[in-house]
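Here is a short round of questions on how labels are earned in one model. Each reply sets a value against its cut-off.

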Amino acid sequence: MLGLSELKQTRVYQEAVEEGKSEGKTETTRLFALKLLRIGMSLEQIAEITELPLQQIQALQKEIQGS
């Protein structure tokens with residue numbers, strides 16, 4: 001059985017850690033975009049700042065309007 005230090009050195013563990021970081025970054029960016037929408041920044045500016053596609057910003061705007 002692998003100990004914790006050996007487990008941390010495996011490719012599977014490293015990939016899982018990287019995936020978690022990516023998912024966390026994605027959610028943080030999404031929340032940031034929502035905040036920018038709420039203060040009235042233009043969709044184009046938000047897309048440029050967050051590097052999210054304009055279509056995703058438009059979907060977030062619809063999400064806000066629906067709630």
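The questions below go through the core, one threonine, two helix pairs and one loop residue.

This is a predicted model, in which local features need pLDDT of at least 70, side-chain atom pairs count only at pLDDT 80 or more, and totals for chains, interfaces and linings use all residues. Residues are numbered from 1 along each chain as its sequence is written, and side-chain values use heavy atoms, with hydrogens and water left out.

Q: What makes T50 count as buried or exposed?
A: Its relative accessible area is 11%. Buried means under 20%, exposed over 50%, partly exposed in between (1.4 Å probe, protein chains only). T50 is therefore buried.

Q: What does T50 in helix α3 touch?
A: Contact means heavy atoms within 4.5 Å. Beyond its neighbours within four places in sequence, T50 contacts T29, F32, A33, L36 and I57. Its side chain also reaches the backbone oxygen of I46 at 2.7 Å.

Q: Which residues make up the largest nonpolar core?
A: There are 10: A33, L34, L36, L37, L43, I46, A47, L52, I57 and L60. A nonpolar core is a set of buried Ala, Val, Leu, Ile, Met, Phe, Trp, Tyr and Cys residues joined through side-chain atoms within 4.5 Å. Helices α2 (11-38), α3 (43-50) and α4 (54-66) each supply at least two of the core residues. The largest share, 4 residues, comes from α2. In soluble globular proteins, nonpolar side chains tend to be buried together.

Q: Why are α2 and α3 called roughly antiparallel?
A: Their axes come within 10 Å and cross at roughly 155°. Angles under 35 degrees count as roughly parallel, over 145 as roughly antiparallel, 65 to 115 as roughly perpendicular and the rest as oblique. So α2 and α3 are roughly antiparallel. T29, F32, A33, L36 and L37 in α2 meet L43, I46, I49 and T50 in α3.

Q: How do α2 and α4 pack, and which residues meet?
A: The angle is about 65°, with the axes 10 Å apart. R30, A33, L34, L37 and R38 in α2 meet I57, L60, Q61, E63 and I64 in α4.

Q: Why does E51 count as buried or exposed?
A: E51 lies in the loop between α3 and α4. Its relative accessibility is 71%, so E51 counts as exposed.

Q: What is the phi of E51?
A: It is positive, about 65°, although E51 is not a glycine. Most residues other than glycine have a negative phi.

How values were computed:
Polar contact = N/O pair within 3.5 Å; in protein donor to acceptor, adjacent residues only side chain to side chain. Axes fitted to C-alpha atoms, helices over the stretch in contact; angles between N-to-C directions.
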